[in-house]
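Biologist: I am new to reading models like this one. Could you take me through it and explain the words as we go?

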There are 2 protein chains.
Amino acid sequence: MADDKDTRLREAAEKLALTLAQGGMQKTTARVMTALLFSRQETMTAGELCEELQISSGAVSGAVKQLIPTGMIERVPAPGSRRDHYRFREHAWATLMSNQNAMLTVMKDSAAEGIEAAGQDGVLGSRLHEMRDFYAYMERQLPALIDQWREQYDSAG
Amino acid sequence: MADDKDTRLREAAEKLALTLAQGGMQKTTARVMTALLFSRQETMTAGELCEELQISSGAVSGAVKQLIPTGMIERVPAPGSRRDHYRFREHAWATLMSNQNAMLTVMKDSAAEGIEAAGQDGVLGSRLHEMRDFYAYMERQLPALIDQWREQYDSAG
DNA sequence: CTTTGCATTTACAGATCTCTGAACGCTGAG
DNA sequence: CTCAGCGTTCAGAGATCTGTAAATGCAAAG
């Protein structure tokens, strides 16, 4: 029974990992992330990840190396143990979306660069103008949206 | 002079393509997209894309095949010419962001699936609960944000 | 109906990426 | 100071992806 639910959990994790992989994320990286996300435990060691996902310790090391800088997971100091413990980070989703803001900035800047070279006129000018306007708008509004969610979520408990 | 600006334009296009490629988009697909985006012309033919990007016609065909379904570019009926003309689509950015809504739904559903299997309690329960709440919120608010931009942009002209 | 010009498809080759297994290095225990 | 137990790094094998060139398909023009 608990075993059955565990199976469903593992399947859900793998399914999501596959979707994320389609969307550009490294396959193993995605699997490590979803394994931590769908784990019943608070944290998992590298060894546990190896066994659960049937991958080498080198692969885990590499995945973790990609995940930590994005803020999705974190290394947890493990007193009394030499093994590294990893945990899916609190508010990771909000962090992830905030990181996407960087991409919005890139897009906006790229449009601005084009306008600088081509001017505001003509087909190209208006195309780039719309692009710059759109991303400037999103760049301003998205963080506000995330903050709103935080407030709403914190107050609702 | 115009040549100089054209160079800057082409460089800006390639630079953005590279960034998009880092973010998971196919390299050639990204190059085709940015070539159309930064083109002075309203539309470009497949042949022009081949020459500009120094790639085969097969590669163009493949890239276009990926780009059209996402709504980023469109095929333009070319009366009096057998060549296909392609154009960067109006409001493509808003479309692109709307498409991301599908991903938000996937995330929300995945969280819900996990909760169904694991319940709301425990570490896992609250982790998934936060995830579901966050994505449900974004799924509702993002389309509204895009609409707001449209209104603002249309009225400002 | 044939020809012509283009787009598309496909098989293949080349490049790239990613994992594994082993060597290496670090840190804490004894 | 040495050993044990990890994590990390690295070279190489394997798989995957992607672009090219050629064959194929299709549609308009003559």
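Modeller: Gladly! Helix α2 (residues 27–37) of chain A lies across β1, β2 and β3 of chain A, at about 80° to β3(A). This is a predicted model, where local features need pLDDT of at least 70, side-chain atom pairs count only at pLDDT 80 or more, and totals for chains, interfaces and linings use all residues. Residues are numbered from 1 along each chain as its sequence is written, chains are lettered from A and ligands numbered from 1 in the order in which they are written, and side-chain values use heavy atoms, leaving out hydrogens and water.

Biologist: What makes something a helix or a strand here, and how is an angle defined?

Modeller: Both are DSSP runs, numbered from the N terminus: H or I over at least four residues for a helix, E over at least two for a strand. Angles run from 0 to 180 degrees between N-to-C directions, with axes fitted to C-alpha atoms, for helices over the stretch in contact (heavy atoms within 4.5 Å). Helix α4 (residues 57–70) of chain A also packs on the sheet, touching β2 and β3 of chain A, and its direction makes about 110° with that of β2(A).

Biologist: Why are β1(A) and β3(A) called a pair?

Modeller: Two strands pair if DSSP finds at least two bridges between them. β1(A) and β3(A) (residues 85–88) have two, in the antiparallel sense, so they meet that definition. In β3(A), A:His85 is the bridge partner of A:Thr45. The three strands form an open sheet in the order β1-β3-β2.

Biologist: What makes β1 and β2 of chain A edge strands?

Modeller: Each of them, β1 (44–45) and β2 (73–76), pairs on one side only.

Biologist: How do you know how chains A and B are related?

Modeller: Copies are superposed by least squares on C-alpha atoms of residues with pLDDT of at least 70 in both. A turn of 180° and a shift of 0.0 Å along the axis lay chain B on chain A with an RMSD of 0.1 Å. That is why we speak of a two-fold axis. In chain B, the C-alpha nearest that axis belongs to B:Gly24, 2.0 Å away.

Biologist: What counts as a polar contact with DNA strand D?

Modeller: A pair of N or O atoms within 3.5 Å; within protein, one must be able to donate a hydrogen and the other to accept it, and residues adjacent in sequence count only if both atoms are side-chain atoms. The side chain of B:Gln26 has an N or O atom 2.5 Å from a phosphate oxygen of DNA strand D, so this pair qualifies. For B:Arg82, a side-chain N or O atom lies 3.4 Å from a base nitrogen of DNA strand D, so that pair qualifies too.
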